[in-house]
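I opened the notebook today to go through one protein model, and I wanted to write down what I looked up in the order in which I looked.

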Amino acid sequence: MPTPSLAALPIRRLTLRDLAACADLSENRGWPREEHKWGFLLTAGKGYGIDDPDGGLVSACAVTEYGPHDRPELAAVGMVLVADRYARQGIGRRLMRHVVSLMGTTPLTLHATPYGRPLYEELGFKVTGRAEMLRGRFTPGGPEPKVATRPATAEDLQAILRLDEEVFGADRTHIITRLPAFADQLRVAEERGRIIGYTAAWPNMDTHVVGPLIARDTETAQALIASLAAHTDCPLRTDIDVRHEDLLAWAKERGLASVAFNTVMTYGIGELPGDWSRRFAPLTVAAG
């Protein structure tokens, strides 16, 4: 039988049964397999992809919605990938147009690599920010943080959810309630019994990714990162909003080196909701 044209291949919803194919696609493009992250995105959000007639996937992406279930207030697009042999044939553009159409009036956000940014600009996404990826082994140094931190407990969950929605600007209950199972560590910062920040460290290949990182101020963010580092032997990785210059400088002084920059882009909204001054790092750039 003749091979159907790329334009004729249908776009479908992905499920956890596609986890290995998504990881294979990541590996095909030189990315880590990141099966743990893919599994999270496919269960907490929605995956879309195109099947390769020869097996595997031609393309894939993940969409994570926030806000009320029936009327999301924001959606993040991530993990937009096209298999190497199908690159530069309009597949990524077709998949993104499909997502934009499906989401209708829901504002979108994504973190764009330099490679992907021209496509997103062509589709109408606007630059609203920048994030710097850091990676390395954390080396303690300098004065001890004065902010108290501890492992989170089940009793902290409601306070974490309230703080997260206030800072993020949309309800992320379906994401945050998955953190205890997804992450190896979930920690809070508190002052006089009130939670003023929280963070998690989740496994990704040979690193622990720090995110989300929500904190009252830079000192609280520092204390949370230091507390995570004290309880892991793995290198840390995180993506910090470049406006948090003091935190970036502090992290680099303690062994985390700059790896890359991503451009934060939005569609249908001028800027992201919430309070950026307390939003230091996302759970993952794939989920906004």
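The entries below cover the nonpolar cores, two helix pairs and a few backbone details.

**Entry 1: the model**

I am working from a predicted model, and I keep that in mind for every entry that follows.

**Entry 2: the cores**

I began with the nonpolar interior and asked how many residues the largest nonpolar core has. It has 67 residues, and those with the most contacts inside it are Y66, M96, L110, Y120, F125, L179 and Y198. I then looked up which element gives the most to this core, and found strand β4, residues 74-82, with eight residues. In soluble globular proteins, nonpolar side chains tend to be buried together.

From that list I picked M96 and, leaving aside its neighbours within four places in sequence, noted what it touches: M96 is in contact with V77, V80, L110, L119, Y120, L123 and F125. Apart from the largest core lies another core, of 24 residues, and I wrote down A189, A215, I225 and L228 as being among them.

**Entry 3: α1 and α2**

Next I turned to helix packing, where two packed helices are described by the angle between their axes and the distance between the axes. For helix α1 (residues 19-28) and helix α2 (residues 35-44), I found axes that come within 9 Å and cross at roughly 125°. That angle makes α1 oblique to α2, because it falls in none of the ranges for parallel, antiparallel or perpendicular. I recorded the crossing of α1 and α2 as right-handed.

On the α1 side the contact is made by L19, C22, A23 and S26, and on the α2 side by E35, W38, G39 and L42. By class, the residues of this contact of α1 with α2 divide into five nonpolar, two polar and one charged.

I also asked whether α2 is mostly covered or mostly open, and found it mostly covered, with seven of its 10 residues buried. The buried residues I listed in α2 are K37, W38, G39, F40, L41, L42 and A44.

**Entry 4: α8 and α9**

I repeated the exercise for helix α8 (residues 218-229) and helix α9 (residues 245-253), whose axes come within 9 Å and cross at roughly 30°. Here α8 is roughly parallel to α9, because angles under 35 degrees count as such. α8 passes α9 in a right-handed crossing.

The contact is made by T218, A221, Q222, I225 and A226 of α8, together with D246, L247 and W250 of α9. I counted the classes in the contact of α8 with α9 as five nonpolar, two polar and one charged residues. I noted that I225 had come up before, as one of the residues of the 24-residue core.

**Entry 5: backbone details**

I looked for residues other than glycine with a positive phi, and wrote down M79, with phi near 55°. M79 has its place in strand β4, the strand that gives the most to the largest core. Its relative accessibility is 6%, so M79 counts as buried.

M205 also has a positive phi near 55°, but its place is in the loop between β9 (194-204) and β10. At 54% relative accessibility, M205 counts as exposed, because the cut-off for that class is over 50%.

Last, I checked which peptide bond is cis, and recorded the one from G211 to P212, with omega near 0°. P212 lies in strand β10, residues 207-215.

Technical notes
Residues numbered from 1 in each chain as written. Predicted model: local features only at pLDDT ≥ 70, side-chain atom pairs only at ≥ 80, totals over all residues. Heavy atoms only, no water. Core = buried A, V, L, I, M, F, W, Y, C linked by side-chain atoms within 4.5 Å. Buried < 20%, exposed > 50% of the residue type's maximum accessible area, 1.4 Å probe, protein only. Helix = DSSP H or I, 4+ residues; strand = E, 2+ residues; numbered from the N terminus. Contact = heavy atoms within 4.5 Å. Axes fitted to C-alpha atoms, helices over the stretch in contact; angles between N-to-C directions. Parallel < 35°, antiparallel > 145°, perpendicular 65-115°, else oblique. Left-handed = near helix turned anticlockwise from the far one by under 90°. Nonpolar A, V, L, I, M, F, W, Y, C, P; charged D, E, K, R; others polar.
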